[in-house]
Amino acid sequence: MTKRPPKDDLRDVLAVALDHGGDFADIFIQKKVTTGIGCEANQIERLNSGIDLGAGIRVIVGEATAYAYTNDLRKEGLLHAAKVASHAARGNRTNQPVVLTAAVPGIDLPVEQRPDQVAVADKVEQVLRANHHARSLDARIKQVTVGYADLTQEVTLVNSEGLYLEDESIRTRFVVHAVAADGAMIQTGYDAAGGTVGFELFREKAPEDLAQAAVDRALLMLTARPAPSGRMPVVMAGEAGGTMVHEACGHGLEADLVQKGLSVYAGKQGQQVASPLVTVVDDATLPGKYGTFRFDDEGIPGQKTVLIEKGVLRGYMYDRFTAGKDNCPSTGNGRRESYQHKPIPRMTNTLITPGNEDPAQIIKDTAYGLLVQKMGGGQVNTANGDFVFDVAEGYLIENGEVKHAVRGATLTGNGPEALKVVDRVGRDLGFSIGTCGKDGQGVPVSDAQPTIRMASLVVGGTGEPRQQGRAQGKIRRL
Amino acid sequence: MQQFDLRVLAREMVDQARTKGAVMAEAYGLEAKELSIEVAGGQVETMTQAEDRGLGVRVFRDDRMGYAFTTDLTRVALQATVDRALANAAWTGEDVHHRLPGKAAAYPRVDTLDQVIGQTSIEAKIELAKTVEATAKAADPRVKITERSAYQDSEYTVSVVNSAGVDVAYRGAYLGVYIYLVAEENGDNQTGFAMAYSRRLAGIDPVKVGREAAAKAVRMLGAKPVATRRMPVVCDPFVTTQLLGILAPGLTAEAVQKGKSLFAGKTGQMVVSPLISLIDDGCLDGGIGSAPFDGEGVPTSRTVLIGQGRLNAFLHNTYTATKAGQVSTGNGVRGSFKGTPEVGTTNFFLEAGAQSPEQLLGQISEGLYVTELMGVHTANPISGDFSLGAAGLLIENGQLTRAVRGVAIAGNLLTMLNAVDGVGNDLTFFSSRGAPTVRLKELPVSGT
C-alpha cells in the first residue's frame, strides 16, 4: 500500500464496527496492482494496468454476518463502512478494547523477479514469442490467443481478537489458446502455467513450450474421432491435472457445505469414503503453486490438511466461522476473491497423493477404456455428489495400448462412487491451475493427482455405445 | 463515502490524456450501491452493503490503444492512471480501425431506474428473501435444507465521456431474489433452484420463486440414470438459455473477424431450424440488460441475429463496425470499469413459439426432459461441440414419469439447433438472457 492506515485508526474502526455488539469483527484492506496483456489476431490487442484499492469490514453476531465494503480508505470512509456493518449486525456488546499483535507466517514465499520490477517490454516479449511460435507450427492454426497476467497484492488485516497482519503476495499466469481448422472442422487446444511466482515463471516453462502444447492439442483434435458413450474404465494420466479430485471430493469437504447438510460427505468422519488407495490432502504451503499462500484471508497461516487418508475421511476444510461452529481450529482455508467478499472455506492446492505403480503399467493392464491425458473444466453438485468434467485430450485404450484420440468427451460420475472404484494409483504427480468459483467468488487454486484408474465411469460422447460382451469396441465415425 | 462526480472526473481524464499526447481518449466511470441479503432458517445469515466506484481510461496514440483503471480517485491517482494508459499504448498493435464514436443524435428512451427500489427499507427486502424460503418450505415437507435464499439489488450510475463529443450518463437499478434448496427423502438429497430478476420492485413474486424451487427439488427425488441411447430431448427454458449462451460469442463480429465463429460467411443462409429466431435487444422494455447507450456511449438497438433460421446480422461495437464498414449495433459491452468495451450481448433471447410446453411433451413416446446441465462452461463455443452432464425427467407417452440424473448429453450446437422441431410459448428471462421450452428431434444420451 502506498500508505497503510495507522494501527490506531484501525482499532477505532473495529470499535465502531462492534458498537452495536458482535462476537467478532475484522477489517480486510487490499490493494491489487495488476497487469494484463492480451494478444490475438497476431497483435497485442490489450494492455491493461489496474489499481484496485478497497476495504471490507465484517461483523459476526451469532450465526449472522454483516459485511460492508468501500473504496474510501480514509479514516472517515472506513468508519462509515464500519457503521453500516455494525447497524446491520446488532448483537449484545461483548467486546473489550483490542490490543493488536502482529501475526507470524508459517512459510516464506520468496519471489525472485517481482512483476512490478520487470519492464512492460519484457512481458510483451513473452506474449509475442508464444504467439509467433504457435503460428509458425502449422498452416492449420487459424487463430492464437495469448494471455499474460500478474498481480501484486498487499493486505492489511486486523480483527477483534487482536490480530494485526501485513502481507504481500504475487501471482503470475500465462495462457495460450490455439484454434485449428481443417475444412469445416474447427478444434481448439490450450495450455496454461501459473503460480505464486514472479517473472521466473518463464524459466520453468518457456512461452514456446506452452504454445507447442496448445497447438499440438488443437491439431490432434482435428483428427480425433467422436468419443464413445456409456460406462467404461477410465485411466487419468498424472499430467491430466486435478479437476477430478477438485470436483469429486474437494468441494464436498468444505465445512460450510458440510454443516448445512449440503455435502454427501457430511457426518462421515472416520468412515471409508474412497478406495484404500486414495489419500487426499489440501496443502497451501507447496512452494510456488497457484493456490499457495502465507496467510489465508482471515490471517490464519497456510497449512496442510489431510482430508482423506487411505480412503478414510479424516477432516474438512474450515474457515474461522465454520471452525467456531464445530469447536475446532480453522484449517486456514478462509479465502475471499477480494475486499468485496466475506471469506468462506475454499480449497488451496488439492491433491490425491502418489502411490507406487508405474503409470505405463496401469495402461498396459487395461483391456478397454478411455485415457484422459488432459482434463478441462468441471462442476459438481455437492448435495448428491454428481460431478462432470470435460476431457481436453483423450485417447481410446484397447488391449493395453493407447489408440486414436477422441474428442467431445465428458466424464460424469458421483464423487464417493468414483473414488471407491479407484483400483490403480501411479507414482507420478501432475498439477493444473485454475480459478475456482463458489458463491460468486473466484479464487486461484491448483489441483493434482497421480495416474489413476477408475474401474467404471460414464463417458458422454457422440460415438456409438460400446456393445456389451465384445472384447474390442469399434468406434464408428458419424 | 467521499462524494465525487465521476462524470466530471471522466472529463478531466479525457482532457488530460489529450494534453499528454493522446489522439483520442475515453473515460468510463461506474459507481454502484449494492445490497445483498442471504437468509436461511428464517434468519439473516449474511448481509452485505457496499459502495463501489472506479474509472477506466482508454487512450489512442499512433493507432495504438492503452488502458488503465483505478478505484483510487485522488487527483494523483487519476493522473497516474492516465500516464499508465498512455505508457501501455506504446506496446499494443497498430490498428487503423480504432475509432471512438461521436455524439449521437438521440438515445432510446429506456426506463432503467425504479426509484421505489432505493426507497424501500432493508427490513422489507429481508422479508422478501424470508418469504421465498418460507414458501419453499411450506410447499413440501421434504424440502429440508436451504442453502441460501437471497435478495439483492444494485443502484448504479454509468458515465461515458470521450474526446469525439460523447458526454453522457444514466442511472439504473435492478433487483432480484433467488433460492437454492435441498429436498430429502430416504437418504436421497436433490437440489432445487429458482430465481427472478426485475427492473421494478413490483416485478418480483417471491411466492412463485419459492414454489418453483421446491417443486424442482422434490420432483428429482429418487433420480436414476437411463440406458445409453438416442432419444428426443426437451429442454426447459433455463437449460435452453444456458445452451444459447454458448452460442452468443459466435454471433459477435469480433468472433467472425478472428475466425472463431461458427457462423462466419453464412449471412443470409439458413443456419438452424426455421423455428428459431434469436434476438439481441439493448432497449427492451424492462430488460435487465437494457440501457440507453452501451459501454462506448453508442445508442443501444434491437438486432435480429437469426430470423426464422436464417442468419441475419452480427453484433458490433465501434471497432468491429469500423473494420467491417458497418455501424455499431450498440453492443460495446463492459462489465465494469476494469476492462475495455468488448462485443457482447445485452438482452439476448430466443423468440417464443406457438406451442405450450405440454403440447411439446405430449407428442413424445419416450424422451428426456432436461432441467439441469452441468459443465456448461466446458462447451466449446468455437466448434460448437458440447458434452454436458444432465438431469431431468423421463418422458413416457407424453407424460413426465420419473427423475433422471447422472447422464450426459452430447452433440454440436448447430446440429442440435437444426434438430429443433418445436418451440414453446413460454419465453422466460433469467436476468438478461431468455428462452422458451424447446424440443429436439433426437440427441445421444449416455447413461448406464
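Contact here means heavy atoms within 4.5 Å. With that in hand, let us walk through this predicted model, starting inside chain B.

Helix α6 of chain B, residues 237–247, lies across four strands of chain B: β8 (278–281), β13 (348–350), β18 and β19. Against β19(B), the helix runs at about 120 degrees. Those four strands belong to an open sheet of six, and if you trace the sheet in chain B from one side to the other, you meet β10, β9, β8, β13, β19 and β18, with mixed pairing. At the edges stand β10 (310–311) and β18 (428–430) of chain B; each has a single partner strand, so one side of each is left without a neighbour in the sheet. The partner of β18(B) is worth a look: β19(B), residues 433–435, pairs with β18(B) in the antiparallel sense over three bridges. To find the register, look for Phe430(B), which stands opposite Arg433(B).

Next, turn to the long run of hairpins in the sequence before that helix. Strands β4 (residues 143–162) and β5 (residues 167–185) of chain B are antiparallel and share 17 bridges, and Val160(B) faces Val168(B) across the pair. Four residues separate the two strands of this hairpin, and in its turn Gly165(B) has a positive phi of about 115 degrees. β5(B) also pairs with β6 (residues 188–198) of chain B, again antiparallel, through 11 bridges. Here Glu184(B) has Asn189(B) as its bridge partner. This second hairpin has two residues between its strands, and Asn186(B) takes a positive phi near 50 degrees.

Now bring in chain A. Chain B contributes 69 residues to the contact and chain A contributes 74 residues. Together the two chains bury about 5800 Å², with 48% of it on carbon and sulfur atoms. On the chain B side, Trp91(B), Lys258(B) and Met374(B) supply 11% of the area buried against chain A, more than any other three residues.

What polar links join the two chains? There are nine salt bridges between chain B and chain A, as well as 39 residue pairs in polar contact, counted where both residues have pLDDT 80 or more. The largest share of the chain B side that touches chain A, 10 residues, comes from strand β2(B), residues 43–61. Sorted by class, that side of chain B has 22 nonpolar, 28 polar and 19 charged residues. One salt bridge to look up is the one in which the side chains of Asp386(A) and Arg405(B) meet at 2.6 Å, N to O.

Strand pairing crosses between the chains too: β2 (residues 43–61) of chain A runs parallel to β3 (residues 64–70) of chain B, and four bridges join them. In that pairing, Gly50(A) has Phe69(B) as its bridge partner.

Terms used
Residues are numbered from 1 along each chain as its sequence is written. Chains are lettered from A and ligands numbered from 1 in the order in which they are written. This is a predicted model: local features need pLDDT of at least 70, side-chain atom pairs count only at pLDDT 80 or more; totals for chains, interfaces and linings use all residues. Side-chain values use heavy atoms; hydrogens and water are left out. Two strands pair if DSSP finds at least two bridges between them. Axes are lines fitted to C-alpha atoms, for helices over the stretch in contact, and angles run from 0 to 180 degrees between N-to-C directions. Buried area is the accessible area (1.4 Å probe) that two parts lose on being put together, summed over both. A salt bridge is a side-chain nitrogen of Lys or Arg within 4 Å of a carboxyl oxygen of Asp or Glu. A polar contact is a pair of N or O atoms within 3.5 Å; within protein, one must be able to donate a hydrogen and the other to accept it, and residues adjacent in sequence count only if both atoms are side-chain atoms. Ala, Val, Leu, Ile, Met, Phe, Trp, Tyr, Cys and Pro count as nonpolar, Asp, Glu, Lys and Arg as charged, and the others, Gly among them, as polar.
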